[in-house]
Amino acid sequence: MTTASTIRRRYVTAPIAGKAIGKGAEAGRLVHYRVCGEGPAVVMLHDSPRSSRLHTATMKMLASRFRVFALDTPGYGNSQPLGLIDPAIPDFAEALREALAALGLEEAPLYATHTSAKIALALAARGGKMPLLVLDGLSIPDAPAPETFINAYMRPFRPDADGAYLAAEWVHARDMLRWFPWFSRKAESRMAMDAPAPEWLEDYGIDLFSAGPHYSDAYAAAMRWNPLEDLRTVQVPTRVAARSDDVLYGFLGKVPVDQNDRLTVERLGSDRNEWLDWLAETLAGAGAGAASPPPPEAAPDAKAGYVDLPQGQLHWRRNLSGSGRTVLALSAPTTLEAQAWAQALAGSRPTLVPDLPGFGDSDPLAKPDADLLANSLAQVIEHLALGKVDVLAIGLAAPLGARLAARRPDLVETLVIHGAPHMDIDAAFNAACCPVIPFDAHAGTHLHRIWHMLRDSQVQWPWFDGTQGAARKSAALPEPAQMHAALTGVLKQLPRYGDCVAAALTAASAEKWREVTVPTFVTLGDDPAQREAEEIAGLLRDGQTFVLPASPQEGAAILTAMLGAAVTAAS
């Protein structure tokens, strides 16, 4: 049930700020945000390396009084990075200006904490139109940190082919919560704070891994930026606050209130409920009467988005290069294989890759169900007004593509099955495919278990079978960045990541395959996932086999030609 406190996630496309570099810069930059509530609009920004998920509890508490927008800073959460080398705080401020303009929120009061406090202040001091700026925790050092310190503190986040970075990043994350600086592991450097709750650490880890190599972009920029000049010149009413348990509390005494009458300082206690009451009253004083803008229309050429469904939201990404029908690519439990094929097909066919329910940024179904999942996919196709699509269903996701084609043949022109689970498998196989992986707040072993499961799935079928007969002879290991993205998607919904596989396996039966009536091509090859290809094709009303290598790089041209031939035959 949708309520005022139901948080929805959205994207808006903002112009590229500054001197952006990189392919596709002219198309604009995706800004990801969360929104909930009723009433006048307010905006919340997060610290580094967090994302808007930091504010979810606060958003729900404020939802009865405000329409709350929480934005992901460029390079964090799901927002695209700036595309600049060593971006500075004014670069982030300009990006914030463009994002607020795209959302119609330039005149909404703005709350920012830690890193984002410097970003928001820089915008306010450079013509920002917000009626009130609330800065919760603002670092005002006597001098910017030396580059040697910044380089040591912001050591590169580099996914590697062996997964060794997982242990290094987990130790790094834990040490940042114990010492300052984290690399000075001495008694005198120990921070006066208790270890966080496991739930907090899990959320922090998700945000850290979501930012990945960009985790230091705004973080390092904030370390290099002294906000004193902005504080002296800002003309927006600005409240600089901190709670007594905030490591930045001591900087409140350096706010130059004697040099700018637009500044006030608020020293707050450590009680969160009292802080929340203060924040609500402060924002209400500035936002009274400020209308909440209507949500912007999704751009027809958007590269990512959400579809609102009864069970929650389903997240999708697409590539619009190429011509002809869109290819809907499905893989499970992650989008690793689907994204690889979508990348290989880019330029020849438009592609669409959804996060299946329970993985990444798609909300889970109440219970795993192949037909409900197929209905969700149908709603995505209809939402994007794609007409008929070609479906490429890979491996464990093959039965889901088949259920979509069986239930909604009006939306599927051609179905391609590229590997499939065995028919009528047992519960043991089901459990082994997506084992329960508990979050390990101490040693981070969950990271390694996910990594090796995903890695093994690329070289043997099924991933837990180490026999010679299970070896995938033509498979290649993905690039570290691709592995990292898949791992992060599992982290986002660790208890539910296997739901889509469980749903698919309930539909892996001869009876279900016989219900497919659309033209279907089942791929042949030397991959163990293709062993039942001829049997599956024989069950279909309009099924045939063709040879396709397991590798997307080797098979993309063959698949494109085959689908092109299917288009010609259909017309």
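What share of the 571 residues in the chain is made up of buried residues? In this predicted model, buried residues account for 55% of the chain. The fold comprises 19 helices and 16 strands. The chain has a radius of gyration of 25 Å, close to the 25 Å that the globule rule gives for 571 residues, and is therefore as compact as a globular protein of that length. The C-alpha trace spans about 85 × 50 × 40 Å along its principal axes. The accessible surface of the chain amounts to about 23,200 Å², and carbon and sulfur atoms contribute 53% of that area. Of the contacts between residues at least 6 apart in sequence, 73% join residues at least 24 apart.

Strands β13, β14, β15 and β16 are linked by a series of parallel pairings. Strand β13, formed by residues 389-394, pairs with β14 in the parallel sense over 6 bridges. Within this pairing, Val389 stands opposite Val412 of β14. The two strands are also related through helix α12 (residues 398-407), with which they make a right-handed β-α-β unit. Strand β14 itself covers residues 412-418, and 7 of its 7 residues are buried, so the strand is largely enclosed by the rest of the structure.

On the β15 side, β14 pairs with residues 520-524, again in the parallel sense, over 3 bridges. Two bridge partnerships illustrate the register: Val416 is matched with Phe521 of β15, and Ile417 has Val522 as its partner. Strand β15 is likewise largely enclosed by the rest of the structure, because 4 of its 5 residues are buried. A further 5 bridges join β15 to strand β16 (residues 543-547), and these two strands run parallel. In that pairing Thr520 stands opposite Gly543 of β16. Helix α18, spanning residues 533-539, completes a right-handed β-α-β unit with β15 and β16. In a regular strand, side chains alternate between the two faces of the sheet.

Thr326 provides a point of contact with the start of β13. This residue is placed in the loop between β10 (312-319) and β11 (327-330). With a relative accessible area of 11%, Thr326 falls under the 20% limit and is therefore buried. Apart from its neighbours within four places in sequence, Thr326 is in contact with Pro350, Thr351, Leu352, Leu386, Val389 and Asp390. One of these contacts, Val389, is the residue that stands opposite Val412 in β14.

Cysteine residues were examined for covalent cross-links. A disulfide is a covalent bond between the sulfur atoms of two cysteines. The structure holds 0 disulfides. Cys500 is in no disulfide, and the nearest cysteine sulfur, that of Cys434, is 6.6 Å away. That separation exceeds the 2.5 Å within which two cysteine sulfur atoms count as a disulfide. Cys500 is buried, at 0% relative accessibility. Cys36 is also buried, with a relative accessible area of 1%.

Two other positions have greater accessibility than the 20% limit for burial. Pro294 is found in the loop between α9 (272-287) and β9 (304-309). At 66% relative accessibility, Pro294 lies over the 50% limit and is therefore exposed. Pro294 is separated from Pro196 by 98 residues in sequence and by 38 Å in space, C-alpha to C-alpha.

Ala102 belongs to helix α2, which covers residues 89-103. The relative accessibility of Ala102 is 25%, so this residue counts as partly exposed. Leaving aside neighbours within four places in sequence, the residues in contact with Ala102 are Val12, Thr13 and Pro296. Ala102 and Val31 lie 71 residues apart in sequence, with a C-alpha to C-alpha distance of 9.5 Å.

Definitions and conventions. Residues are numbered from 1 along each chain as its sequence is written. This is a predicted model: local features need pLDDT of at least 70, side-chain atom pairs count only at pLDDT 80 or more; totals for chains, interfaces and linings use all residues. Side-chain values use heavy atoms; hydrogens and water are left out. Buried means under 20% relative accessible area, exposed over 50%, partly exposed in between (1.4 Å probe, protein chains only). Two strands pair if DSSP finds at least two bridges between them. A crossover is right-handed if, with the strands pointing away from the viewer, the path from the first strand over the helix to the second runs clockwise. The radius of gyration is taken over C-alpha atoms; the globule rule is 2.2 Å times the number of residues to the power 0.38. Contact means heavy atoms within 4.5 Å. Accessible areas come from the Shrake-Rupley method with a 1.4 Å probe; for residues, only the protein chains shown count as cover.
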